[in-house]
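Got the viewer open? Load the model, switch to cartoon with side chains as sticks, and we'll take a walk.

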Amino acid sequence: PAPITTNTPAPTSTSSLPQPASCQSDINLTEYWRKDHNGSNIAPFNGSVNCHNRDMENAGRPWFRFTGAAGSRLLDHCIYSDNSARSSCGTHLAMWSNEKMPTDIGISHSFNVYSSYDGNCKRDILQWSVMRCSSRQHDVIYKWELNPGKSYGCSYGFCGMD
C-alpha cells in the first residue's frame, strides 16, 4: 500500500508569548554615565547635567528601558548627588526606586520613584509607570509620568544599574 500523507502542520511551541507592544517600541537608555553612583561628576553633555524630565516631555513621555553600558534596570538605592562640585548619573537629582517590580507581564503599574539631592534621599517622590515585558529578570520598561501640581526643574537624571 502507498504511504498516507497529510497536510497537517507540525505542532508549534506556545511557551513564549509575544511581548506587549509598548515593550517593542520603547527607547533604550544606554549611556555609561548612568551608572556613575559615586559622585564622580561625569557630565553627559558639554560639561552640563542632563535634563531627562524635559527630554521625556519633548518626546511625548515614551516607555524606556536601561540596557548596555547603562545597566539593565533603574537604580534601587539612594546615592550621593548635589548641586555643588559632585553629581552622580550625569545630574544633580539622581532618580532611583526601591519599589518591588511587577511580576505579571504586560500590565502597567504605578510605582514611587525618588530623587536624591544634597543628602536627602527622597527629596521628590514621584509616580512613574513600570511594566514587565517577559519572564526574564529585569526585563521591565519605565515611563516618566506627569505628577499634577509638581513643578520640575531641569536636573533629573535616570540612574541605571546591573
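The tour below goes from strands to core, then rings, charged pairs and odd backbone angles.

Before you click, know that this is a predicted model: local features need pLDDT of at least 70, side-chain atom pairs count only at pLDDT 80 or more, and totals for chains, interfaces and linings use all residues. Numbering runs from 1 along each chain as its sequence is written, and side-chain values use heavy atoms, with hydrogens and water left out.

**Stop 1: the hairpin**

Select β5 (residues 109–117) and β6 (120–132). Helices (H or I, at least four residues) and strands (E, at least two) are DSSP runs, numbered from the N terminus. These two strands pair in the antiparallel sense over eight bridges; strands pair if DSSP finds at least two bridges between them. Together β5 and β6 make a hairpin with two residues between them, and Asp-118 in the turn has a positive phi of about 50°. To check the register, pick Ser-115, which stands opposite Asp-124 in β6.

Now add β7 (140–144). β6 and β7 pair in the antiparallel sense too, over five bridges, with Arg-132 opposite Val-140 in β7.

While β5 is lit up, which backbone oxygen lies 2.4 Å from a polar atom of the Ser-116 side chain? That of Ile-79. A polar contact here is a pair of N or O atoms within 3.5 Å; within protein, one must be able to donate a hydrogen and the other to accept it, and residues adjacent in sequence count only if both atoms are side-chain atoms. Ser-116 counts as buried because its relative accessibility is 1%. (Buried is under 20% relative accessible area, exposed over 50%, partly exposed in between, using a 1.4 Å probe and protein chains only.)

**Stop 2: the core**

Next, select Phe-64, Phe-66, Met-95, Trp-128, Tyr-142, Trp-144 and Phe-158, the residues that touch the most other members of the 18-residue largest nonpolar core. Such a core is a set of buried Ala, Val, Leu, Ile, Met, Phe, Trp, Tyr and Cys residues joined through side-chain atoms within 4.5 Å. The elements giving two or more residues to this core are β2 (63–66), β4 (93–96), β5, β6, β7 and β8 (156–158). Apart from this core lies another, of eight residues, including Leu-75, Ala-94, Trp-96 and Tyr-114.

Centre on Trp-128. Leaving aside neighbours within four places in sequence, its contacts (heavy atoms within 4.5 Å) include Leu-74, His-109, Val-113, Lys-143 and Glu-145.

**Stop 3: the rings**

A search of the whole structure finds twelve aromatic pairs. Rings of Phe, Tyr and Trp (its six-membered ring) pair if their centres lie within 6.5 Å; planes under 30 degrees apart count as stacked, over 60 as edge-to-face and the rest as tilted. Try Phe-64 and Phe-66: the centres are 6.0 Å apart and the planes at 75°, so the pair is edge-to-face. Then hop to Phe-111 and Trp-128, whose centres are 6.2 Å apart with planes at 85°, so this pair is edge-to-face. Phe-111 sits in β5 and Trp-128 in β6, 17 residues apart. Phe-111 is buried, with a relative accessible area of 3%, and Trp-128 is buried at 1%.

Select Phe-64, Phe-66, Phe-111, Trp-128, Tyr-142, Trp-144, Tyr-156 and Phe-158 to see one aromatic cluster.

**Stop 4: the charged pairs**

Count salt bridges (a side-chain nitrogen of Lys or Arg within 4 Å of a carboxyl oxygen of Asp or Glu) and you get nine. Start with Asp-26 and Arg-65, 2.7 Å from N to O. Asp-26 is in the loop between α1 (21–24) and β1 (27–29), while Arg-65 is in β2, 39 residues apart. Are the two buried or exposed? Both are buried.

Next, Arg-34 and Glu-31 bridge with closest N and O atoms 2.6 Å apart. Arg-34 is buried at 2% relative accessibility, whereas Glu-31 is partly exposed at 27%.

Back in β6, Asp-124 meets Arg-123 at 2.8 Å, N to O. Asp-124 is buried at 7%; Arg-123 is partly exposed at 40%. Finish by selecting Asp-26, Arg-65, Arg-136 and Asp-139, joined into one network by salt bridges that share partners.

**Stop 5: positive phi**

Most residues other than glycine have a negative phi. Check Arg-61, where phi is near 55°, in the loop between α2 (52–58) and β2. Then go to Cys-89, with a positive phi of about 55°, in the loop between β3 (73–74) and β4. Arg-61 is partly exposed at 23% relative accessibility; Cys-89 is buried at 0%.
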